[in-house]
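User: Hi, could you walk me through this protein model step by step? I'm new to reading structures.

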Amino acid sequence: MGLHKDRIVLAYSGGLDTSVAIGWIQEQTGREVVAVAVDVGQGGEDLQVIRQRALDCGAVEAYVADARDEFAEEYCMPALKANALYEGKYPLVSALSRPVITKHLVRAARQFGATTVAHGCTGKGNDQVRFEVSITSMAPDLDCIAPVRDLALTRDVAIDYAERHNLPIETTKHNPFSIDQNVWGRAIETGYLEDIWNAPTKDVYTYTDDPTYPPLPDEVIISFKEGVPVAIDGRPVTPLEAIQELNRRAGAQGIGRIDMVEDRLVGIKSREIYEAPGAIALITAHAELESVTLERELHRYKRTMEQRWGELVYEAQWFSPLKKGMDTFIDYTQQYVTGDIRMTLHGGRAVVTGRRSETSLYDFNLATYESGDTFDQSHSRGFIEIYGMTSKLAAARDVRFGRGIDFGTGNLNADN
């Protein structure tokens, strides 16, 4: 291990910027580079093709990992249990993938004797924070660098470098967007989208079809066990398979398109387009099953915690003590979240039409207004008296002190 103490592990995507970064880092620092590629369901090229390209671009070693099941089970499922939507909309597509990628970066650093980890993020986004905080949370002894941020590796420099060194990478094709995708969804930003008055055009989307002209409605039954999808239409599935199937089916109906201006961790607002058909369909179904199976106060408190959980994950705190504590609470809430949800997928919407659970707290005989009603309505009068007592006493005091409601205006009287 001591022989390779100057090695740097690089998060490698196989694209232009990270391919150039291999040689650029070696020139700028004099240190060897180990490329690490992690498949989290982003699609595209085969891992072995990416591995060979890294070696052809000058990497001394190439570590590749198929982490799709790991990502689905250990990262997407906790987010589903938390119904996690940052600022009420974004299902944390990129934020969830960074901790699992980082885990493999640290593993590769240990395996190949590296002391520094490098990533391709700029100095303006959230991902630099997510990578580096995750790295130091797992391995406080490792250093972090970002070639774009720290070594002046701009895009024009990267194109020039690739052409001068004849790197095996396409440099002429220009994509106006910055795109990050995985099995949980797809994030698109920059280009003309930075003008927040501009509407997204059709070429922005690939995970979803235009919901304006949808196919026929698609009815789906999703079965959950303790908050995790285990079957679709009665057919057993793994978490990864559940996400993949709903990406296809909900995507065909245009479900899961999100256009938002969000608050980045670094303090700026950013316009983002997301596509997350599987995530949105699953969260919709899961939240509905919780409405049937969670006790009222537990359900209320969990909803307040879900927002904070999403903020923590968005803000690079996946490994924080608070996030870990919240996970314990959320796992407790899921012990009875078992059953089936029927949904109709159509025209951009996932609409729940049926709920069924052995652990349901819904009691038909208590809820019904027909014969067979077991709710004793005679109890309600006394309940209302006690429940309204504090408000009644406070209102009487207001009247005594001339601060009651003026029924002419509907407003409270001013102080005398």
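Analyst: Here is a short walk through a sheet, two residues and some empty spaces. Please keep in mind throughout that this is a predicted model.

User: Okay, let's start with the open sheet of five strands: what order do the strands come in?

Analyst: Going across the open sheet, the five strands follow the order 3-2-1-4-5, and their pairing is parallel. In general, strands of a sheet pair through backbone hydrogen bonds, either parallel or antiparallel.

User: Which strands stand at the edges?

Analyst: Those are strand 3, residues 61–66, and strand 5, residues 143–145; each has a single partner strand, so one side of each is left without a neighbour in the sheet. From one strand to the next, the twist averages 25 degrees.

User: How many bridges link strand 1 and strand 2?

Analyst: Strand 1, which covers residues 7–11, and strand 2, which covers residues 33–39, pair over four bridges in the parallel sense. Within this part of the sheet, valine 9 stands opposite valine 34, which belongs to strand 2.

User: Is strand 2 mostly covered or mostly open, and what about its faces?

Analyst: Strand 2 is mostly covered, since seven of its seven residues are buried. Both faces of strand 2 are covered: on one side sit the buried residues Val33, Ala35, Ala37 and Asp39, and on the other side Val34, Val36 and Val38 are buried too.

User: Switching topic: where does arginine 53 lie, and is it buried or exposed?

Analyst: Arginine 53 lies in helix 2, which runs over residues 47–56. Its relative accessible area is 13%, and because buried means under 20%, arginine 53 counts as buried.

User: What does arginine 53 touch?

Analyst: Not counting residues up to four places away in sequence, arginine 53 touches Tyr12, Gly14, Ser19, Glu45, Pro168 and Ile169.

User: And aspartate 218, is that one buried or exposed?

Analyst: Aspartate 218 lies in strand 8, residues 218–225, and at 18% relative accessibility it counts as buried. Leaving aside neighbours within four places in sequence, aspartate 218 is in contact with Arg249, Gln253, Met343, Thr344 and Leu345.

User: Now the empty spaces: how many cavities of 30 Å³ or more does the structure hold?

Analyst: The structure holds one cavity of 30 Å³ or more, and the space in the largest cavity is about 40 Å³. The lining of the largest cavity is made by Leu10, Asp17, Thr18, Ala21, His119, Gly120, Pro147, Val148 and Leu153.

User: Which helix gives the most to that lining of the largest cavity?

Analyst: Helix 1 gives the most, with three residues. Helix 1, residues 16–29, and helix 6, residues 147–150, each supply at least two residues of the lining. Sorted by class, the lining of the largest cavity has five nonpolar, three polar and one charged residues.

User: Last one: which residues lie nearest the centre of the second largest pocket?

Analyst: Of the 13 residues that line the second largest pocket, Ile255, Gly256, Arg257, Ile258 and Ile280 lie nearest its centre. Strand 11 (257–263), helix 9 (277–293) and strand 14 (349–356) are the elements that give two or more residues to the lining of this pocket. The second largest pocket has about 150 Å³ of space, and its lining has five nonpolar, five polar and three charged residues.

Definitions and conventions: Residues numbered from 1 in each chain as written. Predicted model: local features only at pLDDT ≥ 70, side-chain atom pairs only at ≥ 80, totals over all residues. Heavy atoms only, no water. Pairing = 2+ DSSP bridges. Axes fitted to C-alpha atoms, helices over the stretch in contact; angles between N-to-C directions. Buried < 20%, exposed > 50% of the residue type's maximum accessible area, 1.4 Å probe, protein only. Contact = heavy atoms within 4.5 Å. 1 Å grid on protein atoms, 1.4 Å probe; cavity = no way out; pocket = protein on both sides within 12 Å on 5 of 7 lines; lining within 4 Å. Points joined across faces, edges and corners; volume = space filled by probe spheres on them. Nonpolar A, V, L, I, M, F, W, Y, C, P; charged D, E, K, R; others polar.
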